[in-house]
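Take a walk through this structure with the viewer open. Each stop picks out a few residues to find and turn toward you.

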Amino acid sequence: MRILIVGAGAIGGYFGGRLLQVGRDVTFLVRPGRAAELARDGLVIKSPHGDGRIANPPALQASALAPDYDLVVLSCKAFDLDDAIASFRGGVGAHTTILPLLNGMKHLDVLDSAFGRDRVLGGQCVIAATLDAQRHVVQLAPMSAITFGERDGAMSERVTQIAAALGGCDFGVNASPVIMQEMWEKWVFLATLAGSTSLMRGAVGDILAAPGGADFMLGVFDEITTIAAAAGHAPRQASVERTRGMLLAEGSTLTASMFRDIQAGARIEADHVIGDLIIRADEAKVPVARLRVIYTHLKTYERRRP
């Protein structure tokens, strides 16, 4: 299976690099700057599972694409989605499947419009990773997995083939018949964590130690859970218990990548992670006072960001 991974940043670089290490046919689609870095230093991965360096990983730019990839793995940030679509469109052939690993749901509508719903799987990943000052991929915690599936729940032949192509690495591969439910559950957790830690500018433990901190985070969680329920995807009990446990862990240093991006003065996914929830809440007539405060805060940051 020929796999095109759009981007060789923290997420795409990690999963693509691990696939290359076990001999899979992977090519990175990168911008000129990243192409120069990979040609000079190789793809360097630092991980609890073992470090690695892949010299001269297969990489090309949009102008060199041909429509002969079986799978396109999309690992960009939501604010780069339009540019990413323009860049990888030339690699999409008659039988290409697109697997997006973005947060939230808004990107599915955009990809459906650009390529047709039948091409686009549901998908998500679990990994804590970043690029360090040397532009090396650094995995911050041991967990890593990709979960994907047909959005109608069918266990299709292409899902089985993709699972085989992605398997055999040090990350989990889960072909799911309930991928939309799993995407919603991740969105509920992620938006609660990102919204709370970004607004309060602190880790979960710091917020819990502040007056009203636990009530605020659980209130955000309840608002988002209600939105998910209105969409027909109320989080299952195991997900609720797992999320509450992480939000109520005293002394926890857990933060969201959105908070870390704010600290670094970087771009954030305010509209995709929080704003789209508010739109869905309004459509369902669900009151979301806490989410509105969070969103105003994030948009103020975006306005002030150089």
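**Charges, rings and cores**

Start with the charged side chains: the count comes to 18 salt bridges. The model is a predicted one. Side chains of opposite charge can pair when their charged atoms come close.

Asp-132 and Lys-46 make one such bridge. Their closest N and O atoms are 3.2 Å apart. This pair links distant parts of the chain. Asp-132 sits in the loop between β8 (122-131) and β9 (137-149). Lys-46 belongs to strand β3 (residues 43-46), and 86 residues separate the two partners. Lys-46 is partly exposed, at 31% relative accessible area.

Now find Asp-80, which forms a salt bridge with Arg-267. Here the closest N and O atoms are 3.8 Å apart. What does this pair tie together? Asp-80 lies in the loop between β6 and α3, and Arg-267 in the loop between α10 (257-263) and α11, so the bridge ties together parts that are 187 residues apart in sequence. Arg-267 is partly exposed, with a relative accessible area of 41%.

A third bridge stays within one helix. Asp-276 pairs with Arg-280, the closest N and O atoms being 3.0 Å apart. Both residues are in helix α11. They are four residues apart, so about one helical turn separates them. Asp-276 has 8% relative accessibility, under the 20% limit, and therefore counts as buried. Arg-280 is partly exposed, with a relative accessible area of 23%.

Some bridges share partners. In this way Arg-2, Asp-25 and Asp-68 are joined into one network. Arg-2 has another neighbour to look at: its charged end sits over the ring of Tyr-69, 4.5 Å from the ring centre.

Next come the rings. The count is four aromatic pairs. Tyr-14 and Phe-15 form one of them, edge-to-face. Their centres are 5.8 Å apart, with 80 degrees between the planes. Tyr-14 is buried, with a relative accessible area of 0%. Phe-15 is buried too, at 4% relative accessibility.

Phe-15 also pairs with Phe-171, again edge-to-face. The distance is 4.8 Å centre to centre, and the angle between the planes is 85 degrees. Where do these two residues lie in the chain? Phe-15 is in helix α1 (residues 10-21), while Phe-171 is in the loop between α5 (157-166) and β10 (172-175). They are 156 residues apart. Phe-171 counts as buried, at 5% relative accessibility. Together, ring pairs link Tyr-14, Phe-15 and Phe-171 into a cluster.

Move on to the nonpolar side chains. In soluble globular proteins, nonpolar side chains tend to be buried together. The largest nonpolar core here has 63 residues. Leu-74, Phe-88 and Leu-291 touch the most other members. Helix α6 gives the most to this core, with 12 residues. Leaving aside neighbours within four places in sequence, Leu-291 is in contact with Val-220, Glu-223, Ile-224, Ile-227, Ile-274, Leu-277 and Ile-278. Another core lies apart from the 63-residue one. This second core has 32 residues, among them Phe-28, Leu-99, Val-159 and Cys-169.

Helix α4 (residues 106-115) shows how a helix can have two faces. Its buried residues are His-107, Leu-108, Leu-111, Asp-112 and Phe-115. Why do they share the same side of α4? They cover an arc of only 135 degrees around the axis, and this puts them on the same side. The cover over the buried residues of α4 includes β6 (69-74), α3 (81-88), β7 (92-100), α6 (179-200) and α11 (270-284). The face turned away from the buried side carries Asp-109 and Ser-113, which are exposed. After α4 comes Gly-116, with a positive phi near 95 degrees.

End at Ile-207, in helix α7 (residues 204-208). Ile-207 counts as buried, at 4% relative accessibility. Not counting residues up to four places away in sequence, Ile-207 touches Ser-196, Thr-197, Met-200, Gly-202, Gly-213, Ala-214 and Met-217. For a sense of scale, turn to Ala-62. The C-alpha atoms of Ile-207 and Ala-62 are separated by 44 Å. Along the chain, the two residues are 145 residues apart.

Conventions. Residues are numbered from 1 along each chain as its sequence is written. This is a predicted model: local features need pLDDT of at least 70, side-chain atom pairs count only at pLDDT 80 or more; totals for chains, interfaces and linings use all residues. Side-chain values use heavy atoms; hydrogens and water are left out. Buried means under 20% relative accessible area, exposed over 50%, partly exposed in between (1.4 Å probe, protein chains only). The arc is that of the directions from the helix axis to the C-beta atoms. Contact means heavy atoms within 4.5 Å. A salt bridge is a side-chain nitrogen of Lys or Arg within 4 Å of a carboxyl oxygen of Asp or Glu. Rings of Phe, Tyr and Trp (its six-membered ring) pair if their centres lie within 6.5 Å; planes under 30 degrees apart count as stacked, over 60 as edge-to-face and the rest as tilted. A charge sits over a ring if NZ of Lys or CZ of Arg is within 6 Å of the ring centre and within 35 degrees of the ring normal. A nonpolar core is a set of buried Ala, Val, Leu, Ile, Met, Phe, Trp, Tyr and Cys residues joined through side-chain atoms within 4.5 Å.
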